[in-house]
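Thank you all for coming; I would like to walk you through one structure this morning, slowly, and in an order that suits someone who has not seen it before. Please have a look at it first.

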Amino acid sequence: MTNFTYSEAALDRLRASDSDVFNALMREEVRQSEGIELIPSESYCFPEVYALLGSVFNNKYAEGYPGRRYYGGQENTDAIETLARDRAKNVFRAEHANVQPLSGCAMNEAVYFALLQPGDVILGMDLTHGGHLSHGHPVTNMFKVFKYVRYRTEIPSGLIDLEKVRQIALETKPKLIICGHSSYPREYDYAGFRKIADEVGALIMADVSHMGGLIAGGALKNPLDFGFDVMTTTTHKSLRGPRGGIILCKKQHASAIDKSVFPGMQGGPHMHQIAAMATMLKLAQTDDYKAYAAQVLTNAQVLAQALLAGGAHLVTGGTENHLLVINTATGFGITGDIAEKALDKVGITLNKNVIPDDPNPPMKPSGIRFGTPAATSRGMGEGEMKQLANIMLQVLRAPADEALLAKLREETRAMCKRFPVPGIENGKEARK
Ligand SMILES: Cc1ncc(COP(=O)(O)O)c(C=O)c1O
């Protein structure tokens, strides 16, 4: 075995003590290696990240912040958290960084409680138009605490009309306005949003969870360059780090944000996760990383053009970032769930997705959502995007043609062989 994802000794122990979980792990390695991942919120972490996630930092309690902890033995944890904070500030040109949020939803909740009082109004993007659950969807706990109002995209353009956002803000007087999404294929007008926030006296934050890596790599605009109060990002999507969240903010909010994360919401920070974040943030400053971020966007453009040429109906007519949404109902006469299942059979993983003002329910929505960060991180480029579009179009036109799906499955498997997943290059073969 030469795989460097996990320590050999630890893997041998796992195989001996829990073959059920060991076997699931082996199967998941094969699934990830032999399939093309197009879920736009996923990518493959740097191999270094596995080393730190599986490290002894997992054992350490470190409640508090560097230099102010509630437990002893912190010389190494203080060092890595300080590195992670400094690197996050440097990468995102931020005045302050908190790297302790355990995940994206927790990170956003910490911001709400830091800056607002229960009952305050928050203006965010409607989930069915591309917003995220953690921006105040009625099923979330936060919906019981704050009053959420929403802006939407326009039909049929699929774009945000800033004047309408302004009117809603003037009418509802939010204390916080949120930019950010999980399925809006366009850049935001951050300067325009900042202006609206100034006009109504609101704070403004951007949740760039999907695009954190593309902003770090200089491929997309950085909201902090437009005077945003707060920016949040998950670290496990395009950033290619461990699962987790980072809150970046102006100095004036630093103390409230830190107190809201700990002790407000969390206990001991996950130091193995923070160690991995520190390394990821170092790697995010390299030229290779900049090239990766740029290639993610190029690949999305090439995929979009090839799909459009094949008759796909893209929400907003294209993409300016890493993700695309297709209306499969109008373009191919099938709902997103059918498209998702058929594509799964050929080894392409993506997700069914509602489109703006979707007439269909969320489990049988009208569209699919996909993106390029994961495929790009295994080295796929423009040629592979064209090939991928061609495969996808064939599937979308004939989702029930099992013989065709089986043939296309062989084609995706052959593509995958040429582009090993970072960190599990030798997975299946090496363990035989
Ligand atoms: C914009 C946005 N914010 C927050 C989150 C939540 O992240 P997590 O799943 O780590 O809680 C996501 C996850 O997809 C997201 O897309």
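Before anything else, a word on naming: the helices I mention are DSSP runs of H or I with at least four residues, and they are numbered from the N terminus. Please also keep in mind throughout that this is a predicted model.

With that naming in hand, let me begin at the end of helix α11, which is followed by Gly311, a residue whose phi is positive, near 100°. The helix itself covers residues 287-309, and at 1.5 Å a residue its 23 residues should span 33 Å, which agrees with the 33 Å that separate its end C-alpha atoms. Its buried residues include Tyr289, Tyr292, Ala293, Val296 and Leu297, and further along the helix Ala300, Leu303 and Leu307 are also among them. As for what lies over these buried residues, the cover includes α8 (212-216), α10 (271-283), β11 (323-327), β14 (367-371), α14 (373-377) and α15 (382-397).

A second helix, α4, runs over residues 75-92, and its 18 residues reach 26 Å from the first C-alpha to the last, close to the 26 Å expected at 1.5 Å a residue. Among the buried residues of α4 are Ile80, Ala84, Ala88 and Val91, but also Asp78, Glu81, Arg85 and Arg87. Just after α4 comes Arg93, which takes a positive phi of about 55°.

Let me turn now to the ligand, which is surrounded by 14 residues, the closest being Gly104, Cys105, His132, Asp207 and Lys237. By type, the shell divides into 1 nonpolar, 11 polar and 2 charged residues, and helix α5 (residues 104-115) supplies the largest share of it, with 3 residues. An oxygen atom of the ligand lies 2.9 Å from a polar backbone atom of Cys105, while a nitrogen atom of the ligand is 3.4 Å from an N or O atom in the side chain of Ser209. There is also an oxygen atom of the ligand at 3.5 Å from an N or O atom in the side chain of His210. Taken alone the ligand exposes 390 Å², and the protein buries 84% of that.

One last residue, then: is Asp120 buried or exposed? Asp120 sits in the loop between α5 and β5 (121-125), and because its relative accessibility is 13%, under the 20% cut-off, Asp120 counts as buried. Leaving aside residues up to four places away in sequence, Asp120 touches Phe146, Lys147 and Lys175, and its side chain makes a polar contact of 3.5 Å with the side chain of Lys175.

Definitions and conventions:
Residues are numbered from 1 along each chain as its sequence is written. This is a predicted model: local features need pLDDT of at least 70, side-chain atom pairs count only at pLDDT 80 or more; totals for chains, interfaces and linings use all residues. Side-chain values use heavy atoms; hydrogens and water are left out. A residue is near a molecule or strand if one of its heavy atoms lies within 4 Å of it. A polar contact is a pair of N or O atoms within 3.5 Å; within protein, one must be able to donate a hydrogen and the other to accept it, and residues adjacent in sequence count only if both atoms are side-chain atoms. Accessible areas come from the Shrake-Rupley method with a 1.4 Å probe; for residues, only the protein chains shown count as cover. Helices (H or I, at least four residues) and strands (E, at least two) are DSSP runs, numbered from the N terminus. Ala, Val, Leu, Ile, Met, Phe, Trp, Tyr, Cys and Pro count as nonpolar, Asp, Glu, Lys and Arg as charged, and the others, Gly among them, as polar. The expected span of a helix is 1.5 Å times one less than its number of residues. Buried means under 20% relative accessible area, exposed over 50%, partly exposed in between (1.4 Å probe, protein chains only). Contact means heavy atoms within 4.5 Å.
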